[in-house]
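Reader: I would like a close look at a single part of this model, worked outward from one residue. Please state each cut-off as you go.

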Amino acid sequence: MISAWSSSDATCSTVLPDRTSPLAGTSADRAERNGLILRPGYLDRAAQEVLLGVIREIIREAPLYTPRMPKTGKPMSVRMTNCGPLGWMTDEAGYRYQPTHPETGRPWPPIPDILMRAWADLAGHPHPPEACLINYYGAEARMGLHQDRDEQDFGAPVVSLSLGDTGLFRVGGTRRGDPTRSFRLASGDAVMLAGSARLAFHGIDRIIAGTSTLLPEGGRINLTLRCVTRVADAARSGAGKVIPLSFG
Ligand SMILES: O=C(O)CCC(=O)C(=O)O
């Protein structure tokens, strides 16, 4: 099923693929990967558990830390870490990507195969992601409306996966004042910002506590996969290879 928002939201078409559609996963489906694409229930419970285990290992190696806003140094309510050759971070010095964890000084752990396979399945992009931002939202955490624009090539989509409690995701157009609408992102849901929606403003209004049993401690984990450098640079960086999807 493919639907579009009303004309007032025209900068963000919404594509809601039906998993039973004959288009799903084919090259025709890839051609439709333009706009805000929602895949509710993309990961089933077993895949969520596998992914959570892998993410916990990454967090053991690269602990969650509290990012700070540029200039003011005000702490964000979300805690973060990364995996991949590059990781996104923010502190008084500004938003940026860097190859090492800001507290341990060690390189970020590699992006696990399960996420590389999800990217290969969802992104319809010929190059692998270089960064996976891992956000942990406690019950009171939120993320203000923003654009993902610290990357060099906006031709690559942004793919995000949610685990744990439902988050109220708000998305608008490519200008800050554009109309917005919100969606509930539940555990296992995937979202992609591609093409005309790649620079859409988006954020998390709040977490709806107690909506998932996946994380015993409660809260929500969001994983955001991005290409960071231009394709030629990405090829040189030797970022991981794309492997066909199979959660078996
Ligand atoms: O948590 C989410 O679903 C959105 C995360 C996000 O917008 C970001 O990391 O830039």
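Which residues does H202 touch, not counting residues up to four places away in sequence?

Author: Two conventions come first. The model is predicted, and local features need pLDDT of at least 70, side-chain atom pairs count only at pLDDT 80 or more, while totals for chains, interfaces and linings use all residues. Residues are numbered from 1 along each chain as its sequence is written.

With residues up to four places away left out, H202 touches L145, F169, R170 and V171. Contact here means that the two C-beta atoms, placed from the backbone, lie within 7 Å. H202 is buried, since 24 other C-beta atoms lie within 10 Å. On the same kind of count, 20 or more other C-beta atoms within 10 Å make a residue buried, 12 or fewer make it exposed, and values in between make it partly exposed. T180 is 22 residues from H202 along the chain, and their C-alpha atoms are separated by 8.5 Å.

H202 is placed in strand β12. Strands (E, at least two residues) and helices (H or I, at least four) are DSSP runs numbered from the N terminus. An open sheet of four strands, with antiparallel pairing, runs in the order β7-β12-β9-β10. Its edge strands are β7 (143–146) and β10 (181–185), each pairing on one side only. From one strand to the next the twist averages 25 degrees; axes are lines fitted to C-alpha atoms (for helices, over the stretch in contact), and angles run from 0 to 180 degrees between N-to-C directions. Two strands count as paired if DSSP finds at least two bridges between them. β9 and β10 run antiparallel and are joined by five bridges, with L185 in β10 as the bridge partner of G167.

H202 also belongs to the residues around the ligand, as do G167, F169 and L185. The others in that shell are L133, N135, M143, D148, S160, I204, N222 and T224. The criterion is a C-beta atom, placed from the backbone, within 6 Å of the molecule. At least two shell residues come from each of β6 (131–137), β9 (166–171), β12 (202–208) and β13 (220–226). By type, the shell holds five nonpolar residues, six polar and one charged. Nonpolar covers Ala, Val, Leu, Ile, Met, Phe, Trp, Tyr, Cys and Pro; charged covers Asp, Glu, Lys and Arg; the others, Gly among them, are polar.

β6 has a second role. The largest nonpolar core has 52 residues, and those with the most contacts inside it are L115, W119, C132, I134, V159 and M192. β6 gives the most to this core, with six residues. Such a core is a set of buried Ala, Val, Leu, Ile, Met, Phe, Trp, Tyr and Cys residues joined through C-beta atoms within 7 Å. Neighbours within four places aside, L115 is in contact with C132, L223 and L225.

M192 leads to strand β11 (residues 190–194), where five of five residues are buried. A190, M192 and A194 point one way from β11, and V191 and L193 the other way. β11 pairs in the antiparallel sense with β2 (residues 35–39) over five bridges, and I37 has M192 as its bridge partner. β8 (residues 158–164) is also antiparallel to β11, over four bridges, and L161 stands opposite A190.
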